[in-house]
Amino acid sequence: MSESLVTTPVKLFGEDIMIKTYVVENEIPLLLSRQTMKDLNFVIDMSQKKIFAMGGEEEIWDIHSGHLMISIGRCDDMKKPQREECALLVDITDDKKTAVHLHKYFAHGSTKKIGEWLRITNSPNVAGIMKELDDYARSCEFCLKHKSK
């Protein structure tokens with residue numbers, strides 16, 4: 001159930017735009033509707049693993065859940081400069097908290113695949129997060145119950 005409708009500034013395809021989205025209590029990424037993608041004239045090229053829109057292009061990443069992910073960034077007119085983030089927010093000061101969040105965000109995906117994503121996004125302290133991911137994946141109750149041996 002949505003809590004509220006917010007408008008947030010983001011950089012997408014090199015352009016500063018405003019996106020309206022509903023805030024929910026679950027840990028899910030920003031999802032774009034088909035209508036939004038149609039309105040922005042998305043062209044998805046799976047062979048090149050790119051999305052073209054608004055005169056720009058973004059690389060596509062496949063995530064474990066079967067969804068496609070693209071990078072979004074902070075608008076240039078924000079008060080303080082922020083490094084570019086992907087469509088997901090984590091506490092980058094706490095490796096364990098970040099690892100648990102990413103493990104769940106990527107639907108209990110493999111540590112190797114999450115590590116590839118971390119390296120692509122130039123996340124800080126990849127080694128520390130990877131250690132915490134390994135530790136958490138070995139003790140995750142869901143994974144222990146549902147993953148094949």
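Which hand does the crossing of helix 2 and helix 4 have, right-handed or left-handed? Keep that question in mind while reading these notes. One caution before we start: this is a predicted model.

1. **Meet helix 4.** Helix 4 covers residues 126-139, which makes 14 residues. From its first C-alpha to its last, helix 4 reaches 20 Å, close to the 20 Å expected at 1.5 Å a residue. Its buried residues are Val126, Gly128, Ile129, Met130 and Leu133. If you wonder about the spacing in such a list, remember that an α-helix has 3.6 residues a turn, so residues three or four places apart point the same way. The cover over the buried residues of helix 4 includes helix 2 (95-105) and helix 3 (111-120). Let us take these two partners in turn.

2. **Helix 2 against helix 4.** Two packed helices are described by the angle between their axes and the distance between the axes. For helix 2 and helix 4, the axes come within 8 Å and cross at roughly 60°. An angle of that kind falls outside the roughly parallel, antiparallel and perpendicular ranges, and therefore helix 2 and helix 4 are oblique to each other. Now for the opening question: the crossing of helix 2 and helix 4 is right-handed. On the helix 2 side, the contact is made by Asp95, Lys96, Thr98, Ala99, Val100, Leu102, His103 and Lys104. Helix 4 answers with Gly128, Ile129, Glu132, Leu133, Tyr136 and Ala137. Sorted by character, the residues of this contact are seven nonpolar, three polar and four charged.

3. **Helix 3 against helix 4.** Here the axes are 10 Å apart and the packing angle is about 160°. Helix 3 is therefore roughly antiparallel to helix 4, since angles over 145 degrees are counted that way. The crossing of helix 3 and helix 4 is right-handed. Helix 3 brings Thr111, Ile114, Gly115, Leu118 and Arg119 to the contact, while helix 4 brings Val126, Ile129, Met130, Leu133, Asp134 and Ala137. The residues of the contact of helix 3 with helix 4 divide into seven nonpolar, two polar and two charged.

4. **A look at Glu116.** Glu116 has its place in helix 3. How accessible is Glu116? With 34% relative accessibility, Glu116 counts as partly exposed, because that class lies between the 20% and 50% limits. Glu116 and Val126 are 10 residues apart along the chain, and their C-alpha atoms are separated by 9.8 Å.

5. **Two neighbours to compare: Glu59.** Moving away from the helices, you will find Glu59 in strand 5 (residues 56-59). Glu59 is partly exposed, with a relative accessible area of 45%. Leaving aside neighbours within four places in sequence, Glu59 is in contact with Lys49, Lys50, Met69 and Ile70. One of these, Ile70, is 11 residues from Glu59 in sequence and 6.3 Å from it in space, C-alpha to C-alpha.

6. **Two neighbours to compare: Ile60.** Ile60 sits in the loop between strand 5 and strand 6 (61-62). Is Ile60 buried or exposed? Its relative accessibility is 2%, so Ile60 counts as buried, the cut-off being under 20%. Not counting residues up to four places away in sequence, Ile60 touches Ile44, Asp45, Met46, Lys49, Lys50, Ile51, Leu68 and Met69. Ile44 is 16 residues from Ile60 along the chain, and the C-alpha atoms of the two are separated by 8.8 Å.

Definitions and conventions: Residues numbered from 1 in each chain as written. Predicted model: local features only at pLDDT ≥ 70, side-chain atom pairs only at ≥ 80, totals over all residues. Heavy atoms only, no water. Helix = DSSP H or I, 4+ residues; strand = E, 2+ residues; numbered from the N terminus. Expected span 1.5 Å × (residues − 1). Buried < 20%, exposed > 50% of the residue type's maximum accessible area, 1.4 Å probe, protein only. Contact = heavy atoms within 4.5 Å. Axes fitted to C-alpha atoms, helices over the stretch in contact; angles between N-to-C directions. Parallel < 35°, antiparallel > 145°, perpendicular 65-115°, else oblique. Left-handed = near helix turned anticlockwise from the far one by under 90°. Nonpolar A, V, L, I, M, F, W, Y, C, P; charged D, E, K, R; others polar.
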